[in-house]
Amino acid sequence: MKIGIIGTGNMGRILTEAFLDGGAVSPSSMTITNRTIRKAMEIKVTYPEIAVAEDARETARHSSLIFVCVKPHDVYDVIQDILPFLSKDKCVVSITSPISVKQLESVLPCSAARAIPSITNRALSGVSLLSFGEQCQEEWKRRIKKLFESISTPVSIEEKITRVSSDIVSCGPAFFSYLTQRFINAAVSETEIDQETATKLAGEMLIGLGDLLKKGFYTLPTLQEKVCVKGGVTGEGIRVLESELGEVFEHLFQATHSKFDEDLIQVKKQYTLQ
């Protein structure tokens, strides 16, 4: 199976490197390209056998499974550009949430799917979100699922929960990185601990927390119960969080869904639903 990656920005590069490091594909079976070719060539330095194409059309020509890893409003133009090189036996996968598989199918002559990755996939961990078009061949569904199993836990989702699922899986690492950084900064400003030590302790704490959850020792609620001794220090901290967090996460989801609605309006103009 020949795989093409169109767009090697942040997520395109993460997908490329994860697939290669996870052993899902060999460098010689992959063709990549980017509007700024230099970014694609940077990947070739680490994986010399990978092919770097001059443009999207050449990538599509040499690939049977094509990942379109560009911004939402650029996906339609990329598809129009590569149409002459798409046949019924190929498959195109978009990684952007505002474009539904139904919209993809309305402009593609081949199988269509959507795969929303997470930065955690770079560590061959975390979740990837999959959606398949009604006309997507069963063989392509099987191959895509197997591909993502090598770098993540793939979860098939319905269209109606695309945004919130992406918020949790794809945006979540950034949200919790921000919270952790604020946690570290507060520790440094309020106590005598230095930035380097606080950062190391917080990072190792998160890794340990992830291991506890992954191995099934505790759920989130039971973990809080185990650490939070009645009348103890942790309880005082939880009390502050309960008092001051308020509806911050409700507002977060409201904001992401509002931006998502704006993106939907932009891309909807480009697609004619059947």
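This short talk goes from the overall chain to one helix and then to two helix pairs.

What you have in front of you is a predicted model, so please take everything I say as computed from that model. The protein chain holds 11 helices and 8 strands, and its C-alpha atoms fill a box of roughly 70 × 40 × 35 Å when that box is taken along the principal axes. Of the 274 residues in the protein chain, 38% count as buried. If we look at the contacts with a separation of 6 or more, 64% of them are accounted for by residues 24 or more positions apart.

Let me turn to helix H6, which covers residues 138-149. Helix H6 has 12 residues and reaches 17 Å from its first C-alpha to its last, which is close to the 16 Å expected at 1.5 Å a residue. Which residues of H6 are buried? They are Trp140, Lys141, Ile144, Leu147 and Phe148, and because these residues cover an arc of only 130° around the axis, they lie on the same side of H6. The general background is that an α-helix has 3.6 residues a turn, so residues three or four places apart point the same way. On the other side of H6, Glu138, Lys146 and Glu149 are exposed; a lysine therefore appears in each group, with Lys141 buried and Lys146 exposed.

Next comes helix H7, residues 162-190, which I will describe against two partners, beginning with helix H11, residues 248-268. The axes of H7 and H11 come within 11 Å and cross at roughly 125°, which makes H7 oblique to H11. H7 passes H11 in a right-handed crossing, and the contact is made on the H7 side by Arg163, Val164, Asp167, Ile168, Phe175 and Leu179. From H11, the residues in this contact are Phe249, Leu252, Phe253, Thr256, His257 and Phe260.

The other partner is helix H8, residues 195-214, which packs with H7 at an angle of about 140°, the two axes being 9 Å apart. H7 and H8 are therefore oblique to each other, and their crossing is right-handed. Where on H7 is the contact with H8 made? H7 contributes Thr180, Gln181, Phe183, Ile184, Asn185 and Val188, while H8 contributes Gln195, Ala198, Thr199, Ala202, Met205 and Leu206.

To close with H7, its crossing with H11 is right-handed, and its crossing with H8 is right-handed as well.

Methods: Residues numbered from 1 in each chain as written. Predicted model: local features only at pLDDT ≥ 70, side-chain atom pairs only at ≥ 80, totals over all residues. Heavy atoms only, no water. Helix = DSSP H or I, 4+ residues; strand = E, 2+ residues; numbered from the N terminus. Expected span 1.5 Å × (residues − 1). Buried < 20%, exposed > 50% of the residue type's maximum accessible area, 1.4 Å probe, protein only. Arc of directions from axis to C-beta. Axes fitted to C-alpha atoms, helices over the stretch in contact; angles between N-to-C directions. Parallel < 35°, antiparallel > 145°, perpendicular 65-115°, else oblique. Left-handed = near helix turned anticlockwise from the far one by under 90°. Contact = heavy atoms within 4.5 Å.
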